[in-house]
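Got your viewer open? Let's take a short walk through this one, a stop at a time.

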Amino acid sequence: TDDGANWVPFANGTGVVNKAGRNSATVVAPAVTSSRFRVRVVPASGAPSASTGNFEIWEENEGFESGGLSTWPWINDGGWQVASNGPYRGGASAKGVGGGGSTRKLSLMLNVASSGYIRFVHNSYSWLLVYIDGVEVYRDASNMWRPAAVPISAGVHRIDFRADDTTYLDCLSLPVGSGVLL
């Protein structure tokens, strides 16, 4: 972290290379009291010079590490499962398999305390579509891991993740104070 004058390393923090791109890394750090911080990347010997950037803390609420879709009250049309082959982070991700003209849907009812963003990482071989209350708010076919943030207002909402081919979903984050409805 950077207090404006001195660089202060995260105590016991580590860097873990992720699958988002060649120059990406996930910083695993202990609890931090601020939601915004600066990071200085110090490259290995012989690599280009160090760089800095501003980041937001993205607290993961659902990483599918339980091995099933039963930790939260997901509404699954049968086309989604938890898979351990190739998650973005950790040992698992949700995998939707559509195809043959069918779209598979994984849904969740949320009570959002205050407006914010639903954040997630996905890898879609065709389209990942995200709907809030039946309105399409996101569409992407990345064929590589890609982070996404979708704005959501306060209130009760139904979120649908739809896949029309093999799609992976991981590292889901909800606005602070949001609750999952049963």
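Which side chain makes a polar contact with the side chain of Asp160? Select Asp160 and Arg158 together and show their side chains: the partner is Arg158, and the pair sits at 2.9 Å. Keep in mind that this is a predicted model.

Stay on Asp160 and switch to cartoon. You're in strand 13, which covers residues 155-163. Is Asp160 buried or exposed? Its relative accessibility is 3%, and the cut-off for buried is under 20%, so Asp160 counts as buried.

Next, bring up what surrounds Asp160. Leaving aside neighbours within four places in sequence, select Lys105, Leu106 and Ser107, then add Leu129, Val130 and Tyr131: Asp160 is in contact with each of these. Try a distance label on one of them, Leu129: its C-alpha atom is 7.9 Å from that of Asp160, although the two residues are 31 apart along the chain.

Now for a sheet. Colour strands 6, 7, 14, 9 and 12, in that order, and you'll have an open sheet of 5 strands with antiparallel pairing. The edges are strand 6 (80-83) and strand 12 (146-152); each has a single partner strand, so one side of each is left without a neighbour in the sheet. Going from one strand to the next, the twist averages 35°.

Last stop: zoom in on the strand 6 edge. Its partner here is strand 7 (residues 93-96), and the two pair in the antiparallel sense over 4 bridges. For one bridge to look at, pick Val82 and then Ala94, its bridge partner in strand 7. As a reminder, strands of a sheet pair through backbone hydrogen bonds, so turn the backbone atoms on for this view.

Conventions. Residues are numbered from 1 along each chain as its sequence is written. This is a predicted model: local features need pLDDT of at least 70, side-chain atom pairs count only at pLDDT 80 or more; totals for chains, interfaces and linings use all residues. Side-chain values use heavy atoms; hydrogens and water are left out. Buried means under 20% relative accessible area, exposed over 50%, partly exposed in between (1.4 Å probe, protein chains only). Contact means heavy atoms within 4.5 Å. A polar contact is a pair of N or O atoms within 3.5 Å; within protein, one must be able to donate a hydrogen and the other to accept it, and residues adjacent in sequence count only if both atoms are side-chain atoms. Two strands pair if DSSP finds at least two bridges between them. Axes are lines fitted to C-alpha atoms, for helices over the stretch in contact, and angles run from 0 to 180 degrees between N-to-C directions.
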